[in-house]
Amino acid sequence: LNRRNFLRAAGVGLGSAVALLFPDLPAIAGTVVETTRETVASSIGQGTPDATYAGGTVIAITRDGMVLSSAQTQRPVRVSATTGFWKETVVDFAAVQLGDHVDAFGVPEANGVLHAAKVDVNLVRFDGIIETNDAQRITLRLTRGGTAQVALSPFIEVVNVDDASPRKGGVHGLSRGVLIGGVGVRTADGQRRATRIWAGR
Amino acid sequence: MTRYVGSASYFCCYPDPCGCDEGCCRGPDCSYLYCDQPTHATGACCTCNTFNWGYAWKSFCNTCCDTNLYENLSCGFQAWIGRADGSAWFQAPQVDHGPLTCVMVDLTKPLFAQLSPTGDLSPGIIPNIRFDTVSPG
């Protein structure tokens, strides 16, 4: 199968795949949107979905998998003992909850299921210039406009942007006017909590 | 010729599709301002939305880049981005450059995750990334 035909086959098989993973969830299986896109010739560039990735909101969870829903489609994801999970820190599958946003990376199976190797849960990304920092919370003037509050996770790392080496002073070394980027977790109440911040020297 | 060695990070386009730096593409549908300029290309936030799966990845310029990298490259210019040790390379269209970055390239999320030492996005910033304008091979 070439890539296009593979994805066509995957789309046709998706409903049965969900039923296979989640036999107790017929309503969800019935709402699966088949993949009919044909602009999938390459995994690089614009408009090119990659079968090794699935992202979306968790709408169903069972013992060994979940279904992710996005505006485009719904896709079943299988997990196993080797699947790695991140949700603010390294966690296990039990930490994934309905309504979480998941980015899953792995190996596509012939039935359309993604067998996940790595899963990021509620990961958020931000860029901006520091306005205030009290070592508990940072106020950022976002690069894209507006301001945002970013709390600091107990797992926070602060690194230098050029080589990702630990930054001297940690969070205390982040002063007003410094341009930073970062990742973190979006909490249930919608707040950002930074787990890693990088900054210029 | 190696043009850049340093750190790279993904740029959050979706579900925040108009999050580009000042000077890139903006607007509620990411369809105007600089999107029609030949040096700003059609990628980055212009293509990141529910139905387009391109993601932009930027390499930081804060302290480590040669300003000669601020070239006017045509829309869709193909670049190579990969690990500095040459163990992984992906070709991708360059979509922008600017005061906060050396380059931005359109590379799918899974491919960028392959450059991550842990295979996922949670590290945020990835060191030891190389960007070339000619094939490393």
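This is a chat about a predicted model with chains A and B.

Reader: Before I look at details, what ipTM and pTM does the predictor give the complex?
Author: The complex gets an ipTM of 0.74 and a pTM of 0.76 from the predictor. Keep in mind that this is a predicted model.

Reader: OK, and what does chain B average for pLDDT?
Author: The average for chain B is 61, and 39% of the residues score at least 70. Over residues 13-55 of chain B the pLDDT stays under 50, though the model has 108 contacts there beyond four places in sequence. Residues 61-72 of chain B are also below 50, and that stretch has 27 contacts in the model beyond near neighbours in sequence.

Reader: Which elements of chain B have the lowest and the highest mean pLDDT?
Author: Strand S5 (residues 52-53) of chain B has the lowest, with a mean of 40, and S10(B) has the highest, with 84. Where pLDDT is low, the predicted coordinates should not be read in detail.

Reader: Fair enough. How many helices and strands are in chain B?
Author: Chain B has 10 strands and 1 helix. Going along the sequence, the pattern is β-β-β-β-β-β-β-β-β-α-β.

Reader: And how much of chain B is buried?
Author: Of the 137 residues in chain B, 55% are buried. As for contacts in chain B with a separation of 6 or more, 67% of them are between residues 24 or more positions apart.

Reader: Let me pick a residue there. Where is Gln91(B) found?
Author: Gln91(B) sits in strand S8 of chain B, which covers residues 89-98. Its relative accessibility is 32%, so Gln91(B) counts as partly exposed. From Gln91(B) to Ile129(B) the C-alpha atoms are separated by 13 Å, with the two positions 38 residues apart along the chain.

Reader: Switching to chain A. Is Asp103(A) buried or exposed?
Author: Asp103(A) counts as buried, because its relative accessibility is 3%, and the cut-off for buried is under 20%. Its place is in strand S6 (residues 101-108) of chain A.

Reader: A charged residue, then. What does its side chain make a polar contact with?
Author: With the side chain of Tyr53(A), at 2.4 Å. Asp103(A) also touches other residues, including Gly55(A), Lys118(A) and Asp120(A), and Lys109(B) is one of its contacts too.

Reader: What about Thr52(A), where is that?
Author: Thr52(A) is in the loop between helix H2 (26-30) and strand S1 (53-62) of chain A. At 25% relative accessibility, Thr52(A) counts as partly exposed.

Reader: Which residues does Thr52(A) touch, leaving out those up to four places away in sequence?
Author: In chain A, Thr52(A) touches Ala104(A), Phe105(A), Gly106(A), Pro108(A) and Leu114(A), and in chain B it touches Pro110(B). Asn160(A), 108 residues from Thr52(A) in sequence, is 31 Å away, C-alpha to C-alpha.

Reader: Last topic, pockets. What volume does the second largest pocket have?
Author: About 310 Å³. Its lining has 19 residues, and those nearest the centre are Trp86(A), Glu157(A), Thr118(B), Ser122(B) and Pro123(B).

Reader: Which element gives the largest share of that lining?
Author: S4(A) does, with 3 residues. Other elements that each supply at least two residues include strand S7 (114-121) of chain A and strand S10 (125-132) of chain B.

Reader: And what classes of residue make up that lining?
Author: The lining of the second largest pocket has 9 nonpolar, 5 polar and 5 charged residues.

Key:
Residues numbered from 1 in each chain as written. Chains lettered and ligands numbered in written order. Predicted model: local features only at pLDDT ≥ 70, side-chain atom pairs only at ≥ 80, totals over all residues. Heavy atoms only, no water. Helix = DSSP H or I, 4+ residues; strand = E, 2+ residues; numbered from the N terminus. Buried < 20%, exposed > 50% of the residue type's maximum accessible area, 1.4 Å probe, protein only. Polar contact = N/O pair within 3.5 Å; in protein donor to acceptor, adjacent residues only side chain to side chain. Contact = heavy atoms within 4.5 Å. 1 Å grid on protein atoms, 1.4 Å probe; cavity = no way out; pocket = protein on both sides within 12 Å on 5 of 7 lines; lining within 4 Å. Points joined across faces, edges and corners; volume = space filled by probe spheres on them. pLDDT = per-residue confidence, 0-100.
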